[in-house]
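Welcome! Please take a moment to look over the sequence and the 3D view, and then let us walk through them together.

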Amino acid sequence: MEKQMSMEEKIRRINELYHKSKQEGLTDQEKEEQARLRQDYINSVRANLRAQLNNINIQNEDGSVTNLGEEHAAKGSGHAQ
């Protein structure tokens with residue numbers, strides 16, 4: 001069973017593979033690993049950004065507070081979350 005890598009370990013491995021690709025090239029297996037790690041990283045960044053955006057509150061002129069995440073969800077946007 002493969003050990004679960006932390007995001008820091010994934011970033012370190014992405015960088016190792018990048019440098020190896022520039023110096024000597026990658027095997028097909030390494031290219032697949034690189035693509036998978038990059039996609040994991042992108043998904044993580046998107047999830048973190050979405051979580052931050054969902055926690056933004058705006059105070060309206062009437063003093064009420066609107067949570068943008070709840071408002072976005074209520075509109076039923078077709079964007080992936």
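Helices here are DSSP runs of H or I with at least four residues, and they are numbered from the N terminus. With that in hand, we can place lysine 10 in helix H1. Please keep in mind that this is a predicted model.

Let us stay with lysine 10 for a moment. Is it buried or exposed? Lysine 10 has a relative accessible area of 11%, and because buried means under 20%, lysine 10 counts as buried. Setting aside neighbours within four places in sequence, lysine 10 is in contact with Met5, Leu37 and Asp40. Leu37 and Asp40 also appear among the H2 residues that meet H1, which leads us to the next helix.

Helix H2 covers residues 28–54, a run of 27 residues. How far apart should its ends be? At 1.5 Å a residue, helix H2 should span 39 Å, and the C-alpha atoms at its ends are indeed 39 Å apart, so expectation and model agree. Within H2, the residues Glu30, Glu33, Gln34 and Leu37 are buried. A general rule is handy at this point: an α-helix has 3.6 residues a turn, so residues three or four places apart point the same way. What do the buried residues of H2 pack against? Their partner is helix H1, residues 7–23.

Now look at how the two helices sit together. H1 and H2 pack with their axes 10 Å apart and at an angle of about 140°. An angle over 145 degrees would count as roughly antiparallel, so H1 and H2 are described as oblique to each other. Their crossing is left-handed. On the H1 side, the residues that take part are Met7, Lys10, Ile11, Arg13, Ile14, Leu17, Tyr18 and Lys20. They meet Glu30, Glu33, Gln34, Leu37, Arg38, Asp40, Tyr41 and Ser44 in H2.

Another residue of H1 to find is glutamate 16. Glutamate 16 is partly exposed, with a relative accessible area of 41%. Its C-alpha atom is separated by 9.5 Å from that of glutamine 34, although their positions lie 18 residues apart along the chain as a sequence separation.

Follow H2 along to asparagine 54, which lies in this helix. Asparagine 54 is partly exposed, at a relative accessible area of 23%. Asparagine 54 and asparagine 67 are 13 residues apart in sequence, while their C-alpha atoms are 7.2 Å apart in space.

Before reaching asparagine 67, the chain passes strand E1 (57–59) and then a loop between E1 and E2 that holds asparagine 60. Asparagine 60 is partly exposed, with a relative accessible area of 29%. Leaving out neighbours within four places in sequence, asparagine 60 is in contact with Val65 and Thr66. Which strand holds threonine 66? Threonine 66 belongs to strand E2, residues 65–67. The side chains of asparagine 60 and threonine 66 are joined by a polar contact of 2.7 Å. Not counting residues up to four places away in sequence, threonine 66 touches Ile56, Asn57, Ile58, Asn60 and Glu71.

Our last stop is helix H3, residues 68–75. At the start of H3, a side-chain oxygen of asparagine 67 reaches to within 2.9 Å of the backbone nitrogen of glycine 69. Just after H3 comes glycine 76, which takes a positive phi of about 65°.

Conventions: Residues are numbered from 1 along each chain as its sequence is written. This is a predicted model: local features need pLDDT of at least 70, side-chain atom pairs count only at pLDDT 80 or more; totals for chains, interfaces and linings use all residues. Side-chain values use heavy atoms; hydrogens and water are left out. The expected span of a helix is 1.5 Å times one less than its number of residues. Buried means under 20% relative accessible area, exposed over 50%, partly exposed in between (1.4 Å probe, protein chains only). Contact means heavy atoms within 4.5 Å. A polar contact is a pair of N or O atoms within 3.5 Å; within protein, one must be able to donate a hydrogen and the other to accept it, and residues adjacent in sequence count only if both atoms are side-chain atoms. Axes are lines fitted to C-alpha atoms, for helices over the stretch in contact, and angles run from 0 to 180 degrees between N-to-C directions. Angles under 35 degrees count as roughly parallel, over 145 as roughly antiparallel, 65 to 115 as roughly perpendicular and the rest as oblique. A crossing is left-handed if the near helix is turned anticlockwise from the far one by less than a right angle, and right-handed if clockwise.
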